[in-house]
Amino acid sequence: MDQCPSEVWAYIFELACTDGGVTGCSITLVSRYFREIVLPVQLYSVALRGATKMVAFAKLLEQRSPAHRRVRHLFLANNGHSIPENSVLHIRDLNDILFWILTTLAPDLLTLASTLHENAVTKSSVLSISFPCLTELTLNGYLLYPDVRIAAPMRYLHILSACNSAPLYTARAPGLTHLRLSTLSTIHQDFQQALEDFLTGSGAADQQSIRHPFPSTIQKIVIQQDRVITRSLHGGMGGWTNRVIEGLQALLHADKGRKLEILAKNWTKPPDRSARDCWEDRIVGGCGCWGETDVLGKDIGSKVAPI
């Protein structure tokens, strides 16, 4: 062990620290020598679930020098429990802590996956922070259209809910190549028109705006239907589900460049678990949620797959 150069160990540890922080913490317990070597890469990937973990992580970052708190991949999630009324930690405090974590880590982040609710924009919202190196973003969309300030050279964007808010991000990501909309349950008219314009080539690259929000660099758009919509394909539920299916059929027929894929199934795991699995797979070079091949044909009702 002592004969192996520390630089080699550091490279090995970086390759190993891809599971959200478990391996990095374990390595620090092996020996003082390993702890000193792993410190710069221990936080290569970090997964935080719940307010308690976020508070503890913020305290850890405060105690470290900038060279030892570089995070390249970050996952954020709720733990399913609300903050107790008698807790000294309040929602406002948590927003401050989350804002400090994100702004501290933003210069080095390559991927960010968050299943936190994004119903309203606060200073801790992803939309309020610039990420100069971020290439892949996964998050819940917004129910209301806020003033967006996000800036990131994103290539991959995955929206987990409120998919109609996708233009908030795509209009500000001129290099975007992949877009995924999961649990799609409704299609707003203006959103569908913008998508159809893009798929037919009507939205020119030099017109990229809120009206034409999809950059010409996009190579692939993946739509995963809501569980209710998926069930309706097999049993028929009528009403608004039929309108969504008709909208999806119109998008498929407008797809001249074969860039659109509509998945035949919804996620079988809980959204948090699915997002976490995809995030970890992407860190190690896997396809994550971008490699699914079970897609529907242009006549969605016929359930033809694959295209």
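These notes walk through the predicted model, from the whole chain down to single residues.

1. **The chain as a whole.** Let's start with the overall picture of this predicted model. The protein chain carries ten helices and eight strands. It has 307 residues, and 49% of them count as buried. Among contacts in the chain with a separation of 6 or more, 63% join residues 24 or more positions apart. The accessible surface amounts to about 15000 Å², with carbon and sulfur atoms holding 54% of it.

2. **The cavity.** Rolling a probe the size of a water molecule over the atoms shows where empty space is left. The structure has one cavity of 30 Å³ or more, and the largest cavity encloses about 110 Å³. Twelve residues line the largest cavity, and those closest to its centre are Ala113, Glu136, Thr138, Cys278 and Trp279. By class, the lining has seven nonpolar, three polar and two charged residues.

3. **Who builds the cavity wall?** Which elements each supply at least two residues of the lining of the largest cavity? They are β3 (111-114), β4 (136-139) and α10 (271-283). The largest contribution comes from α10, with four residues.

4. **Helix α10.** This helix is worth a closer look. With 13 residues at 1.5 Å a residue, α10 should span 18 Å, and its end C-alpha atoms are indeed 18 Å apart, so the expected and the actual span agree. Its buried residues are Ser274, Ala275, Arg276, Cys278, Trp279 and Ile283. If you are tracing that pattern in the viewer, a general point helps: an α-helix has 3.6 residues a turn, so residues three or four places apart point the same way. The buried residues of α10 pack against three strands, β1, β2 (73-77) and β3. After the helix comes Gly285, with a positive phi near 95°.

5. **The second largest pocket.** About 340 Å³ of space lies in this pocket. Its lining comprises 15 residues, with Gly20, Gly21, Cys25, Ala47 and Leu48 closest to the centre. Two or more lining residues come from each of α2 (22-28), β1 (45-49) and α4 (51-62). Sorted by class, nine of the lining residues are nonpolar, three polar and three charged.

6. **Val46 in β1.** Strand β1 has already come up in connection with the pocket lining and the packing of α10, and Val46 is found in this strand. Is Val46 buried or exposed? Val46 has a relative accessible area of 4%, under the 20% cut-off, so it counts as buried. Beyond its neighbours within four places in sequence, Val46 is in contact with Gly20, Phe57, Val71, His73, Leu74, Phe75 and Trp279. Of these contacts, Gly20 is among the residues closest to the centre of the second largest pocket, while Trp279 is among those closest to the centre of the largest cavity. Val46 and Gly24 are 22 residues apart in sequence, with their C-alpha atoms 9.4 Å apart.

7. **Arg35 and Cys25.** Arg35 sits in helix α3 (residues 32-38) and is partly exposed, with a relative accessible area of 42%. Ten residues separate Arg35 from Cys25 in sequence, and the C-alpha to C-alpha distance is 9.0 Å. Cys25 is one of the residues closest to the centre of the second largest pocket.

8. **Leu199 in α7.** Leu199 belongs to helix α7 (residues 189-200). It counts as buried, at 6% relative accessibility. Leu199 and Leu251 are 52 residues apart along the chain, yet their C-alpha atoms are separated by 7.6 Å. Setting aside neighbours within four places in sequence, Leu199 is in contact with Leu251, Ala254, Asp255, Lys256, Gly257 and Leu260.

9. **Two positive phi values to check.** Most residues other than glycine have a negative phi. Thr183, in strand β6 (residues 178-184), has a positive phi near 50°. Thr183 is partly exposed, at 29% relative accessible area. Where is Arg258 found? Arg258 is in the loop between α9 (240-254) and β8 (260-263). Its phi is also positive, about 55°, although Arg258 is not a glycine. Arg258 is exposed, with a relative accessible area of 61%.

Methods:
Residues are numbered from 1 along each chain as its sequence is written. This is a predicted model: local features need pLDDT of at least 70, side-chain atom pairs count only at pLDDT 80 or more; totals for chains, interfaces and linings use all residues. Side-chain values use heavy atoms; hydrogens and water are left out. Buried means under 20% relative accessible area, exposed over 50%, partly exposed in between (1.4 Å probe, protein chains only). Contact means heavy atoms within 4.5 Å. Accessible areas come from the Shrake-Rupley method with a 1.4 Å probe; for residues, only the protein chains shown count as cover. On a 1 Å grid over the protein atoms alone, a cavity is a set of points where a 1.4 Å probe fits but cannot get out, and a pocket is an open set with protein on both sides within 12 Å along at least five of seven lines; lining residues have an atom within 4 Å of a point. Grid points are joined across faces, edges and corners, and a volume is the space filled by probe spheres set on the points. Ala, Val, Leu, Ile, Met, Phe, Trp, Tyr, Cys and Pro count as nonpolar, Asp, Glu, Lys and Arg as charged, and the others, Gly among them, as polar. The expected span of a helix is 1.5 Å times one less than its number of residues.
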